[in-house]
Amino acid sequence: MKQLACNECDLLIKIPELVHGYKAICPRCDFVITRFRERFRTKLLALSFSSLVFLALTLMFPFLIFTAQGRERTVYFLQSLKGMGEDTYFIVVLFMIITTIVVPVALMVGISFVVVSSRLSIGLPTSRRILKLIFQLQAWNMAEIFLLGILVSMVKIASLASVEFGWSFVAFVLYIATMAAMRIYMDKYQLWRIVSPTREAR
Amino acid sequence: MESRNYITACSKDLKACSTCLHLCKTKQFHCHICGSKIDSNNRHGIQTTIALLITALVLYIPSNLYPIMYTTYLGETSSNTILGGVITLWEHGSYPIAVVIFVASVLVPVVKIIALGWLSYSVHTKRILYFKNNHRMFRLTEFIGRWSMVDIFVVAILVALIQMGNVMRIMPGEASIAFAAMVVTTMLAAHYFDPRLIWEKLDQSEEPRVYE
Ligand SMILES: [Zn+2]
Ligand SMILES: [Zn+2]
Ligand SMILES: [Zn+2]
C-alpha cells in the first residue's frame, strides 16, 4: 500500500498492489488514478519502436494523390503540413509540425529511454527528468487530429476531385493506431514508480 | 445518498505533486522526486486561467469574422469563414462532417470558455457547487479542447492539395492564425486550472458531506 492524494480532488488514498487489468479509482471524484497492466514496459517499448518505424515510412512515400481536371498532384506527408507556406502562416505550419511529428517523436524516444533505464537501473535521474517532460508534452500530441482533418478534407473536395491514398497514408494510420495503444500503457503512477529512487523490485 | 468523512491531503498539510503524484509537504518548495514546484495555494493558477480565458474570448472574434481560407475557382476568388464553411458543407448534404466542424470549431471553444469561466467564478464565490458535475465538466473540457484544432488541419491539407493556379486553388485565411492561437489559449487555461479547487469548497463547508 502506498499513500497518495488524488490529483483531482485532494483526497488521501492508499493504493493497493494491483493485478493485471485492475484499476484504482478515487472514491470521491471517480478519477482513475492508476491502471496496472502486466509487462507494460515491454509493450511500451515495442509500441514506441513500431510508431517510430511507421512515422519514418509515412515520411518516405507519397501521402495523397489528387486528380482534378486531368491534372495529377502527389503530396508527401511533410508537404501536406507545409502547404500554408513559409511567410505569414509560418507560425501555424510550425505548430502543426511540432504537434504531429516533434512531440510524438519526443514522447516515443523518451518513453523508450525511461523503460530501458528502469530495466537496467541506470540513469534514473535522467529518466525522471524525461518523464516529467513526457507528461507535460502529452496534451500537445495532435497526430490523431490530423487524421480526422484528412477525412474531413476528403469529404470537402469529393465533388471537385478524386483523391487516392498513397502507401504513406496506410503507414500514417498505423502510426496513429500504435500511438493510441501506447496511451493505454502511459500510466503516470506506474511509470513514476519504476524510476523512483525508492522503487521496490517488482 | 451516502455520507462519508473524507480526509484530504490539504488538511494534513500535504500536497500531491501534480507531475509525479508523490505526496509532498506543503511547506516544501520543490518535489524531491521530480523537482516540480509545489504551490501550497491551489488558487495561484486561477488568475492565469482567467487572463487566458479573456485572451481566448478576444481571439474568438477575429477567428470567426475573418476568412479561414480563400478559394479560387476558374479565376474567381471567394472567401470562407468557419461558419460559412459549415453552411456550405450542410448545403452540399455532408451533414455528419458539417456537424463535426460546427461542434469542433464553433461550439467547443465557446462551451469551453464558458465552462472554465463558470468554474473560476464559482470557486471564488461561496455558492454551493455541484462538485461531481463540475468536476466532470472540467474533465470533459480538458479532453475535447484540442480536437478544435481539426479545422486548422483541414485548411492546411486543402491548401497543400489544391494548387492548380487560376483553375483551382486554396489559400489560407487570416482567421487560421487567430483560431489556432485561440485553441492553444483555451488549452493552457484548462491546464492552469487546478481541479482541487472545485473540491476545496466542499472541505471548508460546514454542511454535512453529502454526495450526489
Ligand atoms: Zn479524487
Ligand atoms: Zn513530483
Ligand atoms: Zn515530494
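Below are short exercises with worked solutions on a predicted two-chain model.

Residues count from 1 along each chain as written, and chains are lettered from A in the order written. Local features need pLDDT of at least 70, side-chain atom pairs count only at pLDDT 80 or more, totals for chains and interfaces use all residues, and side-chain values use heavy atoms without hydrogens or water.

**Exercise 1. Lay out chain A.**
State how many helices and strands chain A has, and give their order.

Solution.
- Count the elements: chain A has 7 helices and 7 strands. These are DSSP runs (helices H or I, at least four residues; strands E, at least two), numbered from the N terminus.
- Read from the N terminus: β-β-β-β-α-β-β-α-α-α-α-β-α-α.
- Add the extent: the C-alpha atoms of chain A fill a box of roughly 70 × 40 × 35 Å along the principal axes.

**Exercise 2. Describe the interface of chains A and B.**
Find how many residues are in contact and what area is buried.

Solution.
- Take contact as heavy atoms within 4.5 Å. Then 57 residues of chain A touch 64 residues of chain B.
- Turn to buried area, the accessible area (1.4 Å probe) that two parts lose on being put together, summed over both. It is about 5800 Å², and carbon and sulfur atoms give 71% of it.
- Look for polar contacts (N or O atoms within 3.5 Å, one able to donate a hydrogen and the other to accept it; residues adjacent in sequence count only through side-chain atoms on both sides). The rule finds 15 such residue pairs across the interface, both at pLDDT 80 or more.
- Locate the sources on chain A. Elements supplying at least two residues each include β1 (2–5), α3 (90–120) and α7 (188–195). The largest share, 12 residues, comes from α5(A).

**Exercise 3. Place a salt bridge.**
Explain why the pair A:Glu8 and B:Arg139 joins two chains.

Solution.
- Apply the rule: a side-chain nitrogen of Lys or Arg within 4 Å of a carboxyl oxygen of Asp or Glu.
- Count: the whole structure has 7 salt bridges over all chains.
- Place the partners: A:Glu8 sits in the loop between β1 and β2 (12–15) of chain A, and B:Arg139 in helix α4 (residues 131–144) of chain B, so the pair joins two chains.
- Check the distance: the closest N and O atoms of A:Glu8 and B:Arg139 are 2.9 Å apart.
- Compare with the interface: 2 salt bridges cross between chain A and chain B.
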